[in-house]
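User: Could you take a close look at the salt bridges in this model for me? I would like to know which side chains pair up and how buried or exposed they are.

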Amino acid sequence: MTATQVRVETGRVKAKVTRRPWTPSQIVLTLIAVAVSAVWMAPLAWGLFTSLKSETEAVEVPTHWLPKVWTAQAWKALFETGNITNWFVNSFVVSVCVTAIVLATSALAGYGFARTEFRFKGALMGLVMAGLMVSPAVLGVPLFTTVQQMGMVDTYWGMILPQCAPAAMVYILYKFFQGIPRELEEAAFIDGAGRWRVFFTIIVPLSRPSLSAVGIFTFIASWNNFLWPYMVTNNPDLMTMPNGIATVMNSYGIQWAQLMAGGLMAGLPLIIVFVFFQRQIVAGVAHTGLAGQ
């Protein structure tokens with residue numbers, strides 16, 4: 001037998017050895033995963049099927065899953081009567097700006113608390129942590145008063161800036177920066193690097209998983225934010241997706257087929273974000289310690 005035949009036979013043996021039958025526990029866990037996935041996918045399937053019904057069929061009792069007559073009338077009406085293009089663009093602009101500002105401010109604040117010593121550091125950190133105990137709804141009136149006095153009602157900045165100081169993101173990055181070995185920074189200081197260079201060339205590259213998680217969580221939260229954009233703008237041209245979809249109704253009430261179509265349109269970017277960045281989400285959760293909370 002030649003060496004090539006030996007390698008081929010060895011590969012076949014290894015392949016046969018690795019193919020083991022499923023154990024009962026694996027079968028049970030797989031069935032549970034399939035059941036949970038079906039539960040999570042059921043609302044999406046219901047929304048999709050409802051959006052492909054006529055408005056009359058969408059409110060029929062008893063309800064049924066599949067449309068009797070498949071039609072894209074709701075999708076067509078949503079684009080014709082609604083201002084969905086502007087809503088989508090507004091949500092995208094607001095969410096991207098909020099994410100960028102939150103990443104910059106949270107990273108700088110978290111690094112400052114983790115690595116620098118200054119007076120009243122404990123008091124300031126306690127003040128930041130106090131922000132975790134205050135509901136955003138409680139801050140609605142004072143924030144609106146402040147924005148109104150600054151003349152930012154019905155503007156992009158009025159929707160963006162009040163969302164750019166999340167205490168939770170500062171705390172997440174603060175705890176992550178504390179876990180980075182100080183020896184890396186001290187070696188850079190010995191080589192003549194300054195604080196800013198250390199931050200941008202050492203800390204930021206090492207923090208990519210956590211920064212990715214913070215960015216994704218912030219983008220999702222900003223995209224789904226309904227209350228604050230609803231409070232700060234009355235201009236239909238500045239509505240975000242959640243606010244615009246809430247206006248999908250006429251004199252007869254809510255247009256359920258159009259509402260489902262709009263909801264799927266609003267959720268599509270978040271689904272895309274999760275599909276393409278799920279590894280970063282999992283890695284970020286593992287690095288920031290959120291998995292145990």
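Analyst: Let's start with Glu185, which is buried at 2% relative accessibility, in a model that is predicted. Its salt-bridge partner is Arg115, and the closest N and O atoms of the two are 2.3 Å apart. Because Glu185 lies in helix 10 (residues 182-190) and Arg115 in helix 5 (residues 84-115), the pair ties together parts that are 70 residues apart in sequence. Arg115 is buried as well, with a relative accessible area of 8%, so each partner falls under the 20% cut-off for a buried residue.

Next comes the pair made by Lys121 and Glu117, whose side chains meet in a salt bridge at 3.4 Å, N to O. Here the two ends sit in opposite classes: Lys121 is buried at 18% relative accessibility, whereas Glu117 is exposed at 68%. Going back to Glu185 and Arg115, salt bridges that share partners join these two residues with Arg195 into one network.

One more pair is worth your time. Glu60 forms a salt bridge with Lys68, with 3.5 Å between the closest N and O atoms. Glu60 is partly exposed, its relative accessible area being 27%, while Lys68 counts as exposed at 60%.

As background, side chains of opposite charge can pair when their charged atoms come close. For this model, the count comes to 4 salt bridges, among them the Glu185 and Arg115 pair you saw at the start.

Definitions and conventions:
Residues are numbered from 1 along each chain as its sequence is written. This is a predicted model: local features need pLDDT of at least 70, side-chain atom pairs count only at pLDDT 80 or more; totals for chains, interfaces and linings use all residues. Side-chain values use heavy atoms; hydrogens and water are left out. Buried means under 20% relative accessible area, exposed over 50%, partly exposed in between (1.4 Å probe, protein chains only). Helices (H or I, at least four residues) and strands (E, at least two) are DSSP runs, numbered from the N terminus.
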